[in-house]
Amino acid sequence: MAHEITTNPLRGVELNDSDVHYGVYDHGAHVWAWQPLGQDPVLWVSAKSELEDDKPIRGGVPVCFPWFGPGREGNLQPAHGFARLADWRLVDASETGEGLVVEYELDNEITGEQPAWPHAYRARLRVAFGPRDLDLELTVENTGDEAFSYEEALHTYLSVGDVRHVRVTGLEGARYLDKVSGEWADQVGEVEITSETDRVYLSTDDVLVDDPTPGRKLRISKRGSANTVVWNPWVAKSAAMPDFGDDEWTGMLCIEAANALDDAVRLEPGASHTMAQRITIL
Ligand SMILES: O=P(O)(O)OC[C@H]1O[C@@H](O)[C@H](O)[C@@H](O)[C@@H]1O
C-alpha cells in the first residue's frame, strides 16, 4: 500500500488500493475518504459537493476554525471560519502498517490578514487512517503575545443506511441548544432523527451510532471537546443548499466534536489546546 500526492480535482494525499481508500485534500485539510478493507465508505460526501478552491466541501470532515457557524455573536463570515477554505501546508504523509498518517498545518502566513480574528496562531491537524479507527487531532497554539479565544469543530459526516432508522446513544440526559427552535432542552433517551436536527450538546461522552440498515455500529469518542453537535438537515434545508442533493439527507448524519459558544477555548500566549475525535468501527 502506497499513498500518492494527487492534484485532480484538488491537491491532496490519497491511498487507493485493493478496497482500501483513504483521502485528504490540502483544501481545508479535509478528510474526504475513509474506507477500510471490507467496509463501505464510513464518511459521506455529497455528489453535489463543489470541489473548488473558494468553496467548502460538503461531506467528509470539515475543520471548523476559528469560529463555529456564524460565530458566538452570529455575525461572522465565512460560515464555520476561514480554515476550511484555506489550503493547509502538508507536513508529512507516511504509511504505518495497515494505516496512513497525514499531518497538516495552518498559520498566519497562509491565511493572511483576518480582521474578524486578528491573532497569531498555528493550527495542526494530524489524521491517522487505520483499519478500524480514524483518529483526528486538531491542535491550536497561540504564537502571539496576547490571549485569544476561538471556536472549533471536527464536523464529521457519517454515511448511514437510512438516518430515520439510526439510533444514537450516549447523550441521554445531556443539556443541548436546539438550533432549530433556539431553545435549550435536556436529552431524553436516545437521539432519533425525525425532523431537521441541529443540536449543540454539552457533553464529553462517547456516542454510539447504531445503523441497522447495513448493520454497522460506530463509536465516536473524543478528548478536549466540551460539545457534541448532531446535525441532519432533513427535507427543506437539503433542498435549499446548492451543494447538497435534495434526497441525500437520508444517507448522512453529522456527529461533530466541538468547542463552541460558551465553550470556546481561551489560550494564553505560548499555550496550546488539542481536540481529538476517534471513529471506531465496532
Ligand atoms: O452549510 P455549512 O456551513 O457547512 O453548515 C452545515 C451545518 O453545520 C452544523 O454544524 C451547524 O450546527 C448547522 O447549523 C449548519 O447548518
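These are my notebook entries on a predicted model, covering its core, the surroundings of its ligand, two annotated residues and one loop proline.

**Entry 1: the core**

I looked up the largest nonpolar core and found that it has 70 residues. L43, L125, L158, V209 and L253 have the most contacts inside it. I then asked which strand gives the largest share of this core. Strand β20, residues 252-259, does, with six residues. As a general note, nonpolar side chains in soluble globular proteins tend to be buried together.

I picked V209 from the core and listed its contacts, leaving out residues up to four places away in sequence. V209 touches L158, V166, V168, K217, L218, I220, L253 and I255. L158 and L253 are also on the list of residues with the most contacts inside the core.

**Entry 2: around the ligand**

I looked up which residues are around the ligand. They are P56, G69, A79, H80, H155, K179, D198, V229, W231 and E256. I sorted this shell by type and got four nonpolar, three polar and three charged residues.

**Entry 3: the annotated pair**

I checked the UniProt record, an unreviewed entry, for "active site", and the record lists H155 and E256. The two are spread over 102 residues of sequence, yet they cluster in space, with a largest C-alpha distance of 4.6 Å. Both names also appear among the residues around the ligand.

I located H155 in the loop between β11 (152-154) and β12 (157-159). Is H155 buried or exposed? H155 counts as buried because 24 other C-beta atoms lie within 10 Å, and the cut-off for buried is 20 or more. Not counting residues up to four places away in sequence, H155 touches V61, P62, C64, C254 and E256.

I found E256 in strand β20, the strand that gives the core its largest share. E256 is buried too, with 26 other C-beta atoms within 10 Å. With the same sequence neighbours left out, E256 touches A153, L154, H155, T156, T228 and V229. V229 is also one of the residues around the ligand.

**Entry 4: a loop proline**

I turned to P131 and asked where its place is. P131 is in the loop between β8 (121-129) and β9 (133-142). P131 is partly exposed because 13 other C-beta atoms lie within 10 Å; 12 or fewer would make a residue exposed.

I noted that P131 and W34 are 97 residues apart in sequence and 9.2 Å apart in space, C-alpha to C-alpha. Beyond residues up to four places away in sequence, P131 touches P36, L37, E98 and G99.

Notes. Residues numbered from 1 in each chain as written. Predicted model: local features only at pLDDT ≥ 70, side-chain atom pairs only at ≥ 80, totals over all residues. Core = buried A, V, L, I, M, F, W, Y, C linked by C-beta atoms within 7 Å. Helix = DSSP H or I, 4+ residues; strand = E, 2+ residues; numbered from the N terminus. Contact = placed C-beta atoms within 7 Å. Near = placed C-beta within 6 Å. Nonpolar A, V, L, I, M, F, W, Y, C, P; charged D, E, K, R; others polar. UniProt positions renumbered as here; feature names shortened; annotations may be inferred.
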